[in-house]
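Take a moment with the sequence and the model below. The text after it starts from one group of side chains and works outward.

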Amino acid sequence: SRTPGSVRAAPDESRTPGSARDVLALKGPVLRRRARAGELMRENRNRKNAEEVGATGLDDALSLLGVKEAPESKNVKVLFNAFSEKHTPIVRSENPGLKLSQVKDRVFQLWQKSPENPKNQAP
């Protein structure tokens, strides 16, 4: 440790900071073994592949993969809510002793089989 008033030697101007010798001196035996094995500096293959493809965002990646959106995108949640409002009174009248959660389960089961569900419609 340094004492107050001690003077440090000026860094050697002939060596560039971050040279391999400096890195090896600072990092210890693990890095020395890697340097001997030639693993100190490797090419980043991930960047190379990303540059070849050229997609930078989600939309670009989907377009490169050829994925297209459905031409008629409907909000399934809105469609289900409309279906639920229409069928909940029917299920309640057919089964007056059911709890609300049971009624909702039955309405959802009807929704899964319904032709109004976009997932059941042929493309």
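## An aromatic cluster and its surroundings

Phe80, Phe83, Phe108 and Trp111 form one aromatic cluster. Keep in mind that this model is predicted. The count of aromatic pairs comes to 3. One of them joins Phe80 and Trp111. Two values describe any such pair of rings: the distance of the centres and the angle of the planes. For Phe80 and Trp111, the centres lie 5.5 Å apart and the planes meet at 70°. That makes the pair edge-to-face, because an angle over 60 degrees counts as such.

Where do the two partners, Phe80 and Trp111, sit in the chain? Phe80 belongs to helix 5 and Trp111 to helix 6. They are 31 residues apart, so the pair links distant parts of the chain. Are Phe80 and Trp111 buried or exposed? Phe80 is partly exposed, with a relative accessible area of 23%. Trp111 is buried, at 4%. The cut-off for buried is under 20%, which means that Trp111 falls below it and Phe80 does not.

Now follow helix 5 itself. It runs over residues 76-94, 19 residues in total. From its first C-alpha to its last it reaches 26 Å, close to the expected 27 Å. At its start, a side-chain oxygen of Asn75 comes to within 3.2 Å of the backbone nitrogen of Lys77. Further along, helix 5 has a kink of about 35° at His87. The proline Pro89 follows shortly after.

Which residues of helix 5 are buried? They are Phe83, Ser84, His87, Thr88 and Val91. An α-helix has 3.6 residues a turn, so residues three or four places apart point the same way. The buried residues of helix 5 pack against helix 6, residues 100-113. His87 thus appears twice, at the kink and among the buried residues.

Next comes the segment after helix 6, where Asn117 is found. Asn117 is buried, with a relative accessible area of 5%. Beyond its neighbours within four places in sequence, Asn117 is in contact with Trp111 and Gln112. Trp111 is also a member of the aromatic cluster.

Finally, step back to the whole chain. It holds 6 helices and 0 strands. From the N terminus on, the elements run α-α-α-α-α-α. Buried residues make up 11% of the 123 residues. Of the contacts with a separation of 6 or more, 28% are between residues 24 or more positions apart. The accessible surface comes to about 11200 Å², and 53% of that belongs to carbon and sulfur atoms.

Conventions
Residues numbered from 1 in each chain as written. Predicted model: local features only at pLDDT ≥ 70, side-chain atom pairs only at ≥ 80, totals over all residues. Heavy atoms only, no water. Helix = DSSP H or I, 4+ residues; strand = E, 2+ residues; numbered from the N terminus. Expected span 1.5 Å × (residues − 1). Bend = angle between axes of the 7 residues up to and from the residue. Buried < 20%, exposed > 50% of the residue type's maximum accessible area, 1.4 Å probe, protein only. Contact = heavy atoms within 4.5 Å. Polar contact = N/O pair within 3.5 Å; in protein donor to acceptor, adjacent residues only side chain to side chain. Phe/Tyr/Trp six-rings, centres within 6.5 Å; stacked < 30°, edge-to-face > 60°. Areas by Shrake-Rupley, 256 points an atom, 1.4 Å probe, with all protein chains shown as cover.
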